[in-house]
Amino acid sequence: MAAGLTAGCTADVAGSGRHGASATAVPASTPAPVPTLGGHQAGVTLPQPAQGNLLLVVADLGTTVSAGPLLAELGATVRTLTDGTDPRLLGLAPGDLTVTVGVGPRLVRAAGAKLPGATDLPRFSRERIAPGARGGDLLIQICASDPLVVPVAAAALLDRAGDRVHERWRQSGRRGTNVPVGAELAAPRNLLGFIDGIVGPHTAAEQRRDLWLTGPSAVAGGTLAVVRRMELDLPRFAALSVAEQEAVFGRRRASGAPLSGGAVASGPDLGAKTPDGRYLVPANAHVRRAHANVVGAGLMLRRSYSIDEPAPGLLFISFQNDLRTFTATLTHMDAADALLDFTTTTASGTFLILPGFDRQRPLGVGLFGVQG
């Protein structure tokens, strides 16, 4: 609506010029396609920064459904959607559309009880999760810069799956305007006004160490995702002074710089104190309680999307190659993190993001084969 009004106003202004010249519409540039085939699925580290619009669908497979053929078909549909040849796109250009598929612990255990991703996510405090919003067999993450492409792609994928899957829940989200946070890195603001996702395994070495799975070929090149939908108590947070809000996060609201000083991307100096002996980064600040060195865990690649339905909040997604990275971090946060006082989790699950695929090696073939 806003874009249409802007275009209309521009045309009116141009048309009212001295010589009555008419405006020429300037088509919006189409984002570059993101490679779909390869060793890793798209939608985790690529593109960078992440697209602005997301739809997450969590579903279960029917008890008699074979996962292998279903995943292979979904992978084939992902290819036709992202290359723009699927008629179910209804003429829309896919642009930078990415689709990322994961499977839940029940399906992983069926393939191997000791495989990464076979463990369910434990329960934590500050949760109010209905049974249908906890866990699940199948995760489909759909992202694009064009908000119209996202639900159309979801409809095509679910049409391909048919009655073999039963949807549990879905969530749309969007990312705020990106803010530069370091060399070739940008992160968006969240609904609380703070820059979100500054820390993560950004370099290739960090991603090899903390993000991508190695080991069995069936999972090598994949990763583990944790999904959490959280309601935020926006009125209570907004009632705090800016200084109090910054103490909750441990960072400056305007710049994202740590309260201990330094650049946005620099790690906080957790030992820095004021002349009277107070920590510059408070003991219960989020950046301290979630700090990888304090927790004793690896780094998470974190993606947060702002949501306004069913209530204002965040859809949090983290990618890591060890589920303990998330569970140890949240356990440490649960004890004293000031940010959690403003959150209530209403949906949760963990999924093995399958390794990448190509035309010779279908999606999920390493774990499940393709024979029905």
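What share of the contacts in the protein chain with a separation of 6 or more comes from residues 24 or more positions apart? The share is 75%. With that in mind, let us take a friendly walk through this model, which is a predicted one.

## The overall picture

The protein chain has 372 residues, and a compact globule with that number would have a radius of gyration near 21 Å; the chain has 22 Å, which agrees. Along its principal axes, the C-alpha trace spans about 75 × 70 × 40 Å. The secondary structure comes to 11 helices and 10 strands. Of the 372 residues, 51% count as buried.

Two stretches carry domain names in UniProt. An unreviewed entry there lists residues 41–173 as "domain: Dyp-type peroxidase N-terminal". In the model, that span is 27% helix and 23% strand, and its end C-alpha atoms lie 20 Å apart. The unreviewed UniProt entry also lists residues 188–356 as "domain: Dyp-type peroxidase C-terminal". Here the span is 25% helix and 22% strand, with 27 Å between the end C-alpha atoms.

## The nonpolar cores

In soluble globular proteins, nonpolar side chains tend to be buried together. In this model, the largest nonpolar core has 64 residues, and Ile142 and Leu352 touch the most other members. Helix α4 (residues 149–161) supplies the largest share of this core, with nine residues.

Leu352 is a good place to look around. Not counting residues up to four places away in sequence, Leu352 touches a group that includes Val101, Val103, Val108, Leu213, Val219, Leu224 and Leu367. Gly102, Pro116, Gly117 and Thr223 are also among the residues that Leu352 touches.

There is also a second, separate core of 23 residues, and its members include Val44, Leu139, Ile307 and Ile317.

## Aromatic rings

A pair of aromatic rings is described by the distance of the centres and the angle of the planes. The count of aromatic pairs in this model comes to six. Two of them show how such pairs can be arranged here.

Phe237 and Phe342 form an edge-to-face pair, 5.3 Å centre to centre and with 90° between the planes. This pair links distant parts of the chain: Phe237 is in helix α6 (residues 234–238), while Phe342 is in the loop between α10 (323–336) and β10 (343–353), 105 residues apart. Both residues, Phe237 and Phe342, are buried.

Phe316 and Phe326 form a tilted pair, 6.2 Å centre to centre and with 40° between the planes. Phe316 belongs to strand β9 (residues 313–320) and Phe326 to helix α10, so their pairing ties together parts that are 10 residues apart in sequence. Phe316 and Phe326 are buried as well.

Ring pairs also link Phe194, Phe237, Phe249 and Phe342 into a cluster.

What sits over the ring of Tyr279? The charged end of Lys273 does, 4.9 Å from the ring centre. The charged end of Arg288 also sits over this ring, 4.5 Å from its centre.

## Three residues to visit

The table gives the relative accessible area of three residues.

| Residue | Burial class | Relative accessible area |
|---|---|---|
| Leu323 | buried | 13% |
| Arg109 | partly exposed | 37% |
| Ala247 | partly exposed | 27% |

Leu323 is found in helix α10. Leu323 counts as buried because its relative accessible area of 13% is under 20%. Leaving aside neighbours within four places in sequence, Leu323 is in contact with Thr119, Asp120, Leu121, Leu224, Val226 and Thr350. The C-alpha atoms of Leu323 and Ala272 are separated by 31 Å, and these two residues are 51 residues apart along the chain.

Arg109 lies in helix α3 (residues 105–111). Not counting residues up to four places away in sequence, Arg109 touches Ala118 and Asp120. Arg109 and Thr119 are 10 residues apart along the chain, and their C-alpha atoms are separated by 8.1 Å.

Ala247 has its place in helix α7 (residues 242–249). Apart from its neighbours within four places in sequence, Ala247 is in contact with Leu259, Pro282 and Ala285. The C-alpha atoms of Ala247 and Gly104 are separated by 37 Å, with their positions 143 residues apart along the chain counted as the separation.

Definitions and conventions
Residues numbered from 1 in each chain as written. Predicted model: local features only at pLDDT ≥ 70, side-chain atom pairs only at ≥ 80, totals over all residues. Heavy atoms only, no water. UniProt positions renumbered as here; feature names shortened; annotations may be inferred. Helix = DSSP H or I, 4+ residues; strand = E, 2+ residues; numbered from the N terminus. Phe/Tyr/Trp six-rings, centres within 6.5 Å; stacked < 30°, edge-to-face > 60°. Buried < 20%, exposed > 50% of the residue type's maximum accessible area, 1.4 Å probe, protein only. Lys NZ or Arg CZ within 6 Å of the ring centre and 35° of its normal. Core = buried A, V, L, I, M, F, W, Y, C linked by side-chain atoms within 4.5 Å. Contact = heavy atoms within 4.5 Å. Rg over C-alpha atoms; globule rule 2.2 N^0.38 Å.
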